[in-house]
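Colleague: Could you walk me through this one? I'd like to go through it piece by piece.

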Amino acid sequence: MFLPDSLFSSALFNDEFPEWNLPEIQTTPIDNVILQMKSMKIDKITSFPFPTPPDKQTILKAEERLVTLGALEVDKNIAGKYNKFNIN
């Protein structure tokens, strides 16, 4: 059975592939992460010490989307009906 040494030539590998992939938190929508953090009473997400923080604008846009959808109140607190830890 023949097994190739590599799937790509070294020239293609060196010229076409990035040295490092971006962290997933920087490439996927973070709306769900924000909702989970808000439900755990973490309010200042833009200053949260992520190992690799998402862009501040990404966080702000996600919060605005969640306000539009009704998951967050206008003051950026989680809407009561979406808070699984809500005791009210």
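Modeller: Sure, and let's settle one term before we start: a residue is buried when its relative accessible area is under 20%, exposed when over 50%, and partly exposed in between. Glutamate 63 is buried, with a relative accessible area of 6%. Keep in mind that this is a predicted model.

Colleague: What is the mean pLDDT of the protein, and where is confidence highest?

Modeller: The mean pLDDT is 80, and 82% of the residues reach 70 or more. Helix H1 (residues 10–16) has the lowest confidence, at a mean of 72. The highest, at 93, goes to H3.

Colleague: What pattern does the protein follow along the sequence?

Modeller: The secondary structure comes to three helices and zero strands. Read along the sequence, that gives α-α-α.

Colleague: Which elements give two or more residues to the largest nonpolar core?

Modeller: That core has 12 residues, among them Ile30, Ile34, Met37, Phe50, Leu66 and Ile78. The elements giving two or more residues to this core are helix H2 (31–39) and H3.

Colleague: Which residues of H2 are buried, and what does their cover include?

Modeller: In H2 the buried ones are Asp31, Ile34, Leu35, Met37, Lys38 and Ser39. Charged residues are on that list too, with Asp31 and Lys38 among the buried ones. The cover over the buried residues of H2 includes H3.

Colleague: Leucine 66: buried or exposed?

Modeller: Leucine 66 lies in helix H3. Beyond its neighbours within four places in sequence, leucine 66 is in contact with Asp31, Ile34, Leu35, Ala71 and Leu72. Its relative accessibility is 4%, and the cut-off is under 20%, so leucine 66 counts as buried.

Colleague: How many Å apart in space are leucine 66 and aspartate 31, C-alpha to C-alpha?

Modeller: In sequence, leucine 66 and aspartate 31 are 35 residues apart. They are also in contact. C-alpha to C-alpha, the distance is 7.1 Å.

Colleague: How many salt bridges are there, and which parts does the aspartate 31 and arginine 65 pair tie together?

Modeller: The count comes to four salt bridges. In one of them the side chains of aspartate 31 and arginine 65 meet at 2.9 Å, N to O. Aspartate 31 lies in helix H2 and arginine 65 in helix H3, so the pair ties together parts that are 34 residues apart in sequence.

Colleague: And the ends of that pair: is each one buried or partly exposed?

Modeller: Aspartate 31 has a relative accessible area of 14%, which means it falls under the 20% cut-off and is buried. Arginine 65, at 40%, is partly exposed.

Colleague: Back to glutamate 63. What does it form a salt bridge with?

Modeller: Glutamate 63 sits in helix H3 (residues 56–69). Leaving aside neighbours within four places in sequence, glutamate 63 is in contact with Ile34, Lys38, Ile45, Leu72 and Lys76. Its closest salt-bridge N and O atoms are 3.9 Å apart, and the cut-off is within 4 Å; the partner is lysine 76.

Colleague: What is the N to O distance between glutamate 64 and lysine 76, and which residues are linked in the network?

Modeller: The side chains of glutamate 64 and lysine 76 meet at 3.0 Å, N to O. Glutamate 64 lies in helix H3 and lysine 76 in the segment after H3, so the pair ties together parts that are 12 residues apart in sequence. Glutamate 64 is partly exposed, with a relative accessible area of 41%. The network of salt bridges links Lys38, Glu63, Glu64 and Lys76.

Colleague: Which residues form the aromatic pair, and is it stacked or edge-to-face?

Modeller: The structure holds one aromatic pair. Phenylalanine 48 is partly exposed at 32% relative accessible area, whereas phenylalanine 50 is buried at 15%. Methionine 37 touches both of these rings' residues, Phe48 and Phe50. The centres of phenylalanine 48 and phenylalanine 50 are 4.9 Å apart and the planes are at 65°, and angles over 60 count as edge-to-face.

Colleague: Last one: what share of the exposed area do carbon and sulfur atoms supply?

Modeller: Buried residues make up 22% of the 88 residues. The protein exposes about 7200 Å², and the share from carbon and sulfur atoms is 57%.

Note on methods:
Residues are numbered from 1 along each chain as its sequence is written. Side-chain values use heavy atoms; hydrogens and water are left out. Helices (H or I, at least four residues) and strands (E, at least two) are DSSP runs, numbered from the N terminus. Contact means heavy atoms within 4.5 Å. A nonpolar core is a set of buried Ala, Val, Leu, Ile, Met, Phe, Trp, Tyr and Cys residues joined through side-chain atoms within 4.5 Å. Buried means under 20% relative accessible area, exposed over 50%, partly exposed in between (1.4 Å probe, protein chains only). Rings of Phe, Tyr and Trp (its six-membered ring) pair if their centres lie within 6.5 Å; planes under 30 degrees apart count as stacked, over 60 as edge-to-face and the rest as tilted. pLDDT is the predictor's confidence in each residue, from 0 to 100. Accessible areas come from the Shrake-Rupley method with a 1.4 Å probe; for residues, only the protein chains shown count as cover.
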